[in-house]
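Welcome! Let's take a walk through this structure together, beginning with what surrounds its ligand.

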Amino acid sequence: MIRLDGVSKVYRVSDPGETAKKDLHALKSVSLEIENGSIYGIIGRSGAGKSTLIRCVNLLERPSSGRVFIGGVEMTALDDAKLRAARRKIGMIFQSFNLLANRTVSGNIAFPLELDRWTKREITDRVREIARLVGIEDKLGQYPSQLSGGQKQRVGIARALANRPDVLLSDEATSALDPQTTKSVLGLLRDINEKLGLTVVLITHEMEVIKEICDSVAVLDAGEVVEEGPVLKVFTTPVKGVTKELLAQVMKTQLPDSFAGLKFTHERGSRQADILLQVSFFGDVTASPIISGLVRNFDADVNILVAHIDHIRATPCGTLVIQLSGPDREDALEYLLDMNLKVEVIGYVARSDGTAR
Ligand SMILES: Nc1ncnc2c1ncn2[C@@H]1O[C@H](COP(=O)(O)OP(=O)(O)OP(=O)(O)O)[C@@H](O)[C@H]1O
Ligand SMILES: [Mg+2]
């Protein structure tokens, strides 16, 4: 398990034109637990502190305060020599691949093993084995400049995994890749995670990536973890504004443009107002019985504005944005609220024809 216990990072920075330095609080008392063998995502706006956080895990960045544990070892308490040894159990991959241009693929993968003083024979065998695992065994003699982005990242992954780490850290590793290549690299990460039982911590601005392969996710905002938990929970029932904002696109819950012009209020009570609400469901629950139940039981009209069914890993989940009108609309709302669904009243809109019903 990876455990961060009240980790803070303060940088001393100087503003251009000013002589005095000031403190920049990049991380503010971050506490997290990451289960062994899981894939853990970190999301947040640019500058939220994601890279700083992941660099604090392998102590590329030393926390200003707080403690980092990996597999029971307190990383923050190790001296330099012990830290170097402990770091070998942590691989890292980057957006820019960071390959050595003057070494072949084979030489790149071998590099950490040479540092680790493996024998020539062991290195040759391991390079071959790991290259096969990531699907680049036919590229071993080539140089990075001769490879595609996806192939370069596979080399990056092979190098990171060469000396059998327990943890793989990934900072925007798929951000420079096209969607198809991203998919195949993600498939590879998932595959490795399952085959080797490796713990993966990844930063991404692509919510699709989180949805597709992560088990849990943390939302970082201005250096603080503001929301955290299983992806299914966080993505279907986000609580914080920043999370909703990050997810709006991928969960496709934004209202259609035609609603932008409507008189919209969060105040209840106008007798003319229709109710706009968002219904989220996942697992076995599906949309159609919900809607037919409403229409059958109440004198209410249901207008579906947004309907979206999606998958988080293998679990189907969906979102409906509906407009409820008609005399029984408040009762219909109660009925929905009583069901085992996540129902959120977005607001009330005046009926477009202005009539009360
Ligand atoms: N070495 C450094 N010295 C001074 N300030 C730094 C340093 N590294 C990061 N920062 C600051 O810390 C804050 C967090 O930076 P960080 O790189 O962790 O953000 P991020 O969430 O990874 O952003 P992005 O999505 O753009 O990569 C930013 O305000 C950044 O300017
Ligand atoms: Mg970053």
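A polar contact here is a pair of N or O atoms within 3.5 Å. Keep that in mind as you look at this predicted model, starting with S46: one of its polar side-chain atoms lies 2.5 Å from an oxygen atom of ligand 1. T52 also offers a polar side-chain atom, which sits 2.6 Å from an oxygen atom of the ligand. With G49 it is the backbone that takes part, as an N or O atom of its main chain lies 2.9 Å from an oxygen atom of ligand 1. How much of ligand 1 does the protein bury? Ligand 1 exposes 640 Å² when taken alone, and the protein buries 59% of that.

Now step back to the whole shell around ligand 1. Its residues are Y11, V13, L24, A26, R45, S46, G47, A48, G49, K50, S51 and T52. By type, they divide into 5 nonpolar, 5 polar and 2 charged. Which element gives the largest share of this shell? That is helix α1, with 3 residues. The strands β1 (2-14) and β2 (21-34) join α1 as the elements that each give two or more residues.

Since α1 has come up, let's follow this helix along the chain. It spans residues 50-57 and is mostly covered, with 6 of its 8 residues buried. The buried ones are K50, T52, L53, I54, C56 and V57. Two of these names, K50 and T52, you have already met in the shell around ligand 1. After α1 comes L59, whose phi is positive, near 60 degrees.

Methods: Residues are numbered from 1 along each chain as its sequence is written. Chains are lettered from A and ligands numbered from 1 in the order in which they are written. This is a predicted model: local features need pLDDT of at least 70, side-chain atom pairs count only at pLDDT 80 or more; totals for chains, interfaces and linings use all residues. Side-chain values use heavy atoms; hydrogens and water are left out. Buried means under 20% relative accessible area, exposed over 50%, partly exposed in between (1.4 Å probe, protein chains only). Helices (H or I, at least four residues) and strands (E, at least two) are DSSP runs, numbered from the N terminus. A residue is near a molecule or strand if one of its heavy atoms lies within 4 Å of it. A polar contact is a pair of N or O atoms within 3.5 Å; within protein, one must be able to donate a hydrogen and the other to accept it, and residues adjacent in sequence count only if both atoms are side-chain atoms. Accessible areas come from the Shrake-Rupley method with a 1.4 Å probe; for residues, only the protein chains shown count as cover. Ala, Val, Leu, Ile, Met, Phe, Trp, Tyr, Cys and Pro count as nonpolar, Asp, Glu, Lys and Arg as charged, and the others, Gly among them, as polar.
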